[in-house]
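Please open the structure in your viewer and keep the selection tool at hand. The tour below moves from one selection to the next and says what can be found at each stop.

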Amino acid sequence: MWRALVFLALLAVAAYGAVWIADHPGTVTVVWNGYEIGMSLAIALTGVLVAAIVLGLIWAVVTGVIGLPASISRSTRERRRNKGLASLSRGMIAVGSGDPLAARRHAGDAERLLGSQPLTLLLKAQAAQISGDRDAAEQAFKRMADDPETRVLGLRGLFVEARRREDEGAARAYASEAARLAPSVTWANEAVLEAQCADGEWSAATETVERRAALGLMDKHAARRQRAVLLTAAAQRHEAGEPDTATEQALKAVKLAPDLVPAAVIAGRLLARRNDLRKAAKIIEAAWKATPHPELAKVYLNLRTGDSARDRLARAENLAKLSSWEPESRLVIAQAATEAKDFGRAREALAPLTDDRPTARVCRMMARIEAAEHGAESGRSREWLARAARAPRDPAWVADGIISERWAPVSPVSGRLDAFVWKTPPEILAGPEDDDAPAPAPAEPAAPVAIPTTSVPAPVTTDSPAPSTPGFLQTGAGTPSVPPTPAPVNGPTGPSSATQAAAADRPRRIA
């Protein structure tokens with residue numbers, strides 16, 4: 001639109017000029033070397049215009065001939081660049097589709113056409129990775145790490161390759177360097193935090209979490225939770241040798257995460273030693289409301305060492321009221337009532353839990369009640385022990401498929417912080433719902449199915465390096481793997497050998 005208006009305006013100006021020249025005729029005289037040339041004004045202006053056009057054409061031809069080599073070179077570079085970008089794009093597509101031959105071919109073409117640019121090096125490294133050529137991939141990442149623009153990206157690739165060959169020392173070095181160069185890089189911060197937790201450097205790990213929270217790399221609530229877990233781990237280490245330090249750390253952890261059971265247990269136990277029973281009870285009660293846990297009940301019932309069995313039963317009743325009579329509360333009351341020789345109260349507390357498929361702990365508690373009242377060899381006690389052998393699982397600490405009787409700050413499989421969760425493990429093998437049902441016809445024996453379980457070792461109480469974790473096979477640079485033989489889930493208390501043999505003859509179904 002604007003171009004049309006400008007063109008019309010210029011055309012109007014030219015027409016006006018032509019009319020003005022026609023209305024004002026004149027003569028132009030040129031004298032040169034004794035010659036005199038006279039012409040009208042219109043012819044003179046036309047000659048000047050034609051001469052300007054001719055000179056412009058001649059100048060364009062001369063400059064075109066002079067700049068022809070540079071133009072040809074520029075055109076060649078542009079074609080190479082376009083071909084290189086096309087090879088780079090096809091190579092990325094080949095890497096994404098998992099075609100190693102095409103990826104390596106296009107990576108070579110892109111490097112030949114574009115040179116050692118960051119994207120060509122990245123494509124070459126990825127093509128080598130999907131081809132299984134780890135040496136070529138590592139060489140490409142090293143070249144990227146030597147370039148200041150791609151140093152962090154190269155360190156990321158070297159870190160991944162070091163993890164694949166199980167070189168934890170090199171992986172930690174690459175992650176630490178990347179975190180130093182780029183503090184906001186998430187993968188480097190996570191790798192550094194994992195290494196610090198694996199080494200038991202809880203103070204350094206806490207500083208890493210605080211730095212990540214300050215940079216906005218994680219949610220504030222998650223940061224508070226991780227700090228509480230790390231403080232609890234440090235309190236575990238110092239509980240035996242440095243109780244004052246452990247108490248301070250445990251109280252900080254409780255303040256950050258009041259529902260963190262291990263922190264509340266340690267804080268309550270240490271405060272009870274100081275005879276600060278009111279504060280200890282308050283911490284235990286707050287944690288119990290969020291997560292009823294047997295360790296909390298154990299500390300709460302034994303706050304005063306001189307209490308009688310009746311006093312402990314009264315405390316158990318208080319816990320039951322706080323948790324609205326959760327199953328764990330009933331188990332605590334049953335245990336306290338059994339110790340107080342109030343067997344009727346113990347059975348009354350467990351009655352709602354024995355109606356429909358009682359868990360292993362409920363069965364063992366009923367067996368304990370019968371044994372305390374009628375003797376360990378009584379028929380009812382042995383019957384409950386037999387039922388416990390095939391009863392559903394009770395809640396336990398579970399992390400990455402590992403079932404543990406003890407809480408730990410990190411997972412023994414993945415090294416993830418705050419991985420253990422108090423919950424009921426998945427039930428793979430379950431007993432028959434009806435004990436009186438007839439046995440099914442014999443079938444082909446099936447391979448046993450089990451969930452690997454283990455027991456996390458007790459916390460180290462000194463600053464010396466932690467010993468290797470029992471129950472795990474050490475692989476690589478100290479990373480524990482899942483033990484081949486699952487540990488019992490029902491705890492140390494169980495039926496006798498004769499009872500187990502009798503229970504083994506009964507049919508079992510796969511849940």
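What covers the buried residues of helix 10? Keep in mind, as you look for the answer, that this is a predicted model.

**First stop: helix 10**

Select residues 202-214, which form helix 10, and compare its length with what its residue count leads us to expect: at 1.5 Å a residue, these 13 residues should span 18 Å, and the C-alpha atoms at the two ends are indeed 18 Å apart, so expectation and model agree. Now colour W202, A205, T206, T208, V209 and R212, which are the buried residues of this helix. If you turn the view until you look down the axis of helix 10, you will find that these buried residues fall within an arc of 160°, and therefore they line one face of the helix. On the other side of helix 10, select S203, E207 and A214, which are exposed.

To answer the opening question, add residues 186-198 and 220-238 to the view, since helix 9 and helix 11, which these ranges mark out, are among what covers the buried residues of helix 10. Before leaving, click on G216, which follows helix 10 and has a positive phi, near 75°.

**Second stop: helix 15 and two partners**

Next select helix 14 (residues 277-290) together with helix 15 (residues 294-301), whose axes lie 10 Å apart and which pack at an angle of about 155°. Because angles over 145 degrees count as roughly antiparallel, helix 14 is described as roughly antiparallel to helix 15. The crossing of these two helices is left-handed. Show side chains to see where they meet: A281, I284, E285, A287 and W288 belong to helix 14, while L296, A297, V299 and Y300 belong to helix 15.

Keep helix 15 on the screen and add helix 13 (residues 261-273), whose axis comes within 9 Å of that of helix 15 and crosses it at roughly 15°. That angle makes helix 13 roughly parallel to helix 15, and this crossing, too, is left-handed. Here V261, A264, V265, G268 and R269 of helix 13 meet E295, L296 and V299 of helix 15.

**Last stop: D418**

Where is D418 found? Select strand 4 (402-404) and strand 5 (421-423), and look in the loop between them, where D418 sits. Leaving aside residues up to four places away in sequence, D418 touches R225, V229 and P409. Finally, select R227, which is 191 residues from D418 along the chain, although the C-alpha atoms of the two are separated by 10.0 Å.

Definitions and conventions. Residues are numbered from 1 along each chain as its sequence is written. This is a predicted model: local features need pLDDT of at least 70, side-chain atom pairs count only at pLDDT 80 or more; totals for chains, interfaces and linings use all residues. Side-chain values use heavy atoms; hydrogens and water are left out. Helices (H or I, at least four residues) and strands (E, at least two) are DSSP runs, numbered from the N terminus. The expected span of a helix is 1.5 Å times one less than its number of residues. Buried means under 20% relative accessible area, exposed over 50%, partly exposed in between (1.4 Å probe, protein chains only). The arc is that of the directions from the helix axis to the C-beta atoms. Contact means heavy atoms within 4.5 Å. Axes are lines fitted to C-alpha atoms, for helices over the stretch in contact, and angles run from 0 to 180 degrees between N-to-C directions. Angles under 35 degrees count as roughly parallel, over 145 as roughly antiparallel, 65 to 115 as roughly perpendicular and the rest as oblique. A crossing is left-handed if the near helix is turned anticlockwise from the far one by less than a right angle, and right-handed if clockwise.
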